[in-house]
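Let's work through a protein model together, one small exercise at a time. Have a go at each task before you read its solution.

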Amino acid sequence: MQQKWYQATEVEVDSLGQSLHFYMETIEVSRLSALAFYAAGEEHYKGERFYWQNREKTMTLVGLGHAYTIQNNAKNDRYDAVEAEWKNLTKNCVKGQSELQPILFGGFTFDPQNNVAGEWTDFPEAFFALATYQLVIRDDKAFVSIHLLSKDGQAEPQFDALRKERDHLIHAAQVKEVKTYSKPEITSYFEPYKEPYLASIDQVTALIKQKKADKVVIARSLALQFKEEVSSPQVLSQIIHEQPESYLFGLEHQELLFFGASPERLVKVEKGRAFSSCVAGSIKRGKTAEEDEAYGQSLLNDSKNGGEHQYVVDMIAETFRKNCVEMKVPDSPRLLKIRDIQHLYTPVEGQLNNGATILQLTKSLHPTPALGGVPRKEAMAAIRKYEPMNRGLYAAPIGWVDAEGNGEFAVAIRSAALVKDRAYLYAGGGIVADSEPQSEYDETLVKFRPMLRALGGQLHE
Ligand SMILES: C=C(O[C@H]1C=CC=C(C(=O)O)[C@@H]1O)C(=O)O
Ligand SMILES: [Mg+2]
């Protein structure tokens with residue numbers, strides 16, 4: 001028999017005492033393709049979908065439709081506001097069984113002070129959704145939940161309609177052959193800020209030499225024009241096939257899809273234990289095993305990259321020290337090799353203090369010196385001054401939390417925003433005193449590669 005769990009609770013949602021009825025039902029289903037489930041929502045839920053898979057591939061999450069969104073443009077307390085609203089919404093949910101947990105998925109933009117107009121103009125500074133239809137695949141089990149928040153205490157007829165639609169979506173994802181998608185066709189490329197980018201590296205190294213900052217991460221974008229509109233499943237299918245060793249994510253907001261394949265964890269919390277990763281310092285992959293090994297060794301021994309990395313370790317370790325009763329940090333980095341690039345990598349983990357939460361940790365950690373710089377305030381001011389663009393969710397926390405405080409956020413690098421027939425790819429690098437414009441530029445070319453390949457393009461070295 002099919003396993004089924006149902007619960008209906010009530011929550012007050014505002015100070016006026018207005019209450020909402022929270023209905024949810026979870027069923028276990030035989031395994032299905034998460035991408036096919038996502039694609040089954042093309043007609044009715046486009047603009048309200050998300051996709052997530054962790055690096056280890058032990059957790060896949062898809063959301064179709066919005067049962068509830070939590071969003072704000074608060075400059076200073078956006079993390080607290082999201083946390084408070086989510087806690088309130090889920091306070092009466094039954095706890096204890098991970099497969100029954102409603103999940104909130106979304107992200108916080110890189111810099112809420114940035115108002116540069118462009119592809120991110122309509123995007124809130126914090127944007128999270130509880131899906132109407134939530135698919136979770138954990139290890140080898142798949143669960144589909146329906147969530148409905150209604151002012152009406154008699155929403156059973158409405159819930160029945162959602163059950164029918166759920167069965168239809170599951171059926172579509174189970175019986176349809178997994179579609180193979182072609183790559184989009186690019187008609188033009190342009191690098192909007194190549195010259196200002198190269199000049200900014202000299203300006204930032206000058207700042208660093210004058211001791212006004214130690215490290216600043218400077219990024220740039222690459223824009224692509226396609227022959228036709230590109231669909232979300234089309235690009236997600238490419239990253240799923242091409243980037244198996246990364247976090248995979250896609251988040252739709254109206255006409256925008258933000259997606260990517262990041263190697264970098266910001267924070268994960270599982271039953272009170274927290275994990276983060278320091279990923280900074282880069283070199284390309286070799287064409288042969290020997291060359292690759294030689295590049296890796298030279299990265300491990302390089303003082304410029306070692307410096308870039310150490311700032312990140314110091315800051316993340318310090319944040320863990322403040323939030324944990326016990327913690328572990330290795331003395332020296334190892335290599336993290338992914339398809340196009342190798343990085344210096346140091347994992348950090350610890351046992352959280354009472355009261356420390358994933359969203360509070362996210363608030364303290366973002367932006368780490370792998371994306372912002374050191375000191376944080378000076379680095380952010382330099383980024384605002386020298387980057388002519390709005391990063392939106394690039395380099396920002398993207399991920400999920402459940403009702404019990406478990407969750408995971410990746411740092412959304414190796415990412416791009418797709419808006420109909422245009423895409424904007426983002427890449428940056430840590431600038432320290434001895435950075436050189438041309439080699440930083442080349443490093444961004446390597447970092448563009450995964451998204452560029454997924455979108456049907458290539459750059460020549
Ligand atoms: C800012 C990016 O990468 C960061 C993460 C790893 C290595 C980095 C570096 O070596 O500069 C960056 O700090 C990016 O990919 O856009
Ligand atoms: Mg670098």
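Below are six exercises, each with a worked solution.

A few ground rules first. This is a predicted model, in which local features need pLDDT of at least 70, side-chain atom pairs count only at pLDDT 80 or more, and totals for chains, interfaces and linings use all residues. Residues are numbered from 1 along each chain as its sequence is written, while chains are lettered from A and ligands numbered from 1 in the order in which they are written.

**Exercise 1. Find the two domains and describe where they touch.**

Step 1: Split the protein chain into domain 1 (4–175) and domain 2 (186–454); these bounds come from an automatic or database domain assignment.

Step 2: Take the centres over C-alpha atoms, and you get 26 Å between domain 1 and domain 2.

Step 3: Look for contacts (C-beta atoms, placed from the backbone, within 7 Å). You'll find 41 residues of domain 1 in contact with 46 residues of domain 2.

Step 4: On the domain 1 side, the elements giving two or more residues are α1 (34–40), β3 (49–53), α2 (78–90) and β5 (103–108). Helices (H or I, at least four residues) and strands (E, at least two) are DSSP runs, numbered from the N terminus. The largest share, 6 residues, comes from β5.

Step 5: Sort that side by residue kind: 21 are nonpolar, 11 polar and 9 charged. Here Ala, Val, Leu, Ile, Met, Phe, Trp, Tyr, Cys and Pro count as nonpolar, Asp, Glu, Lys and Arg as charged, and the others, Gly among them, as polar.

**Exercise 2. Work out what surrounds ligand 1.**

Step 1: Collect the shell, meaning residues whose C-beta atom, placed from the backbone, lies within 6 Å of the ligand. That gives 19 residues, and the closest are Ser 282, Ile 413, Gly 428, Gly 429 and Gly 430.

Step 2: Ask which elements give two or more residues to this shell: they are β9 (215–226), β13 (273–284) and β21 (422–431).

Step 3: Sort the shell, and you have 9 nonpolar, 6 polar and 4 charged residues.

**Exercise 3. Which residues of helix α9 are buried, and how are they arranged?**

Step 1: Count C-beta atoms, placed from the backbone: a residue is buried if 20 or more others lie within 10 Å of its own, exposed if 12 or fewer, and partly exposed in between.

Step 2: In α9 (residues 376–386), the buried ones are Ala 379, Ala 382, Ile 383 and Tyr 386.

Step 3: Look down the axis of α9: the buried residues fall within an arc of 100 degrees, so they line one face of the helix. The arc is that of the directions from the helix axis to the C-beta atoms.

Step 4: Check what covers them; the cover includes α4 (194–209), β9 and β17 (373–374).

**Exercise 4. Track down two cis peptide bonds.**

Step 1: Recall that most peptide bonds are trans.

Step 2: Go from His 366 to Pro 367, where the bond is cis, with omega near -10 degrees. Pro 367 sits in the loop between α8 (358–365) and β17.

Step 3: Move on to Val 374 and Pro 375, whose bond is cis too, with omega near -15 degrees. Pro 375 belongs to the loop between β17 and α9.

**Exercise 5. Are Lys 271 and Arg 414 buried or exposed?**

Step 1: Note the backbone oddity. Most residues other than glycine have a negative phi, yet Lys 271 has a positive phi of about 45 degrees, and Arg 414 has one of about 50 degrees.

Step 2: Place them: Lys 271 is in the loop between β12 (265–270) and β13, and Arg 414 is in the loop between β19 (407–411) and β20 (415–419).

Step 3: Count neighbours within 10 Å. Lys 271 has 9 other C-beta atoms there, so it is exposed; Arg 414 has 30, so it is buried.

**Exercise 6. What do Ala 131 and Glu 48 touch?**

Step 1: Find Ala 131 in strand β6 (residues 126–138); with 26 C-beta neighbours inside 10 Å, Ala 131 is buried.

Step 2: Skip neighbours within four places in sequence, and the contacts of Ala 131 are Gly 63, Leu 64, Gly 65, His 66, Ala 67 and His 147.

Step 3: Find Glu 48 in the loop between α1 and β3. Glu 48 is partly exposed, with 19 C-beta neighbours inside 10 Å.

Step 4: Leave out residues up to four places away in sequence, and Glu 48 touches Gly 65, His 66 and Glu 252.
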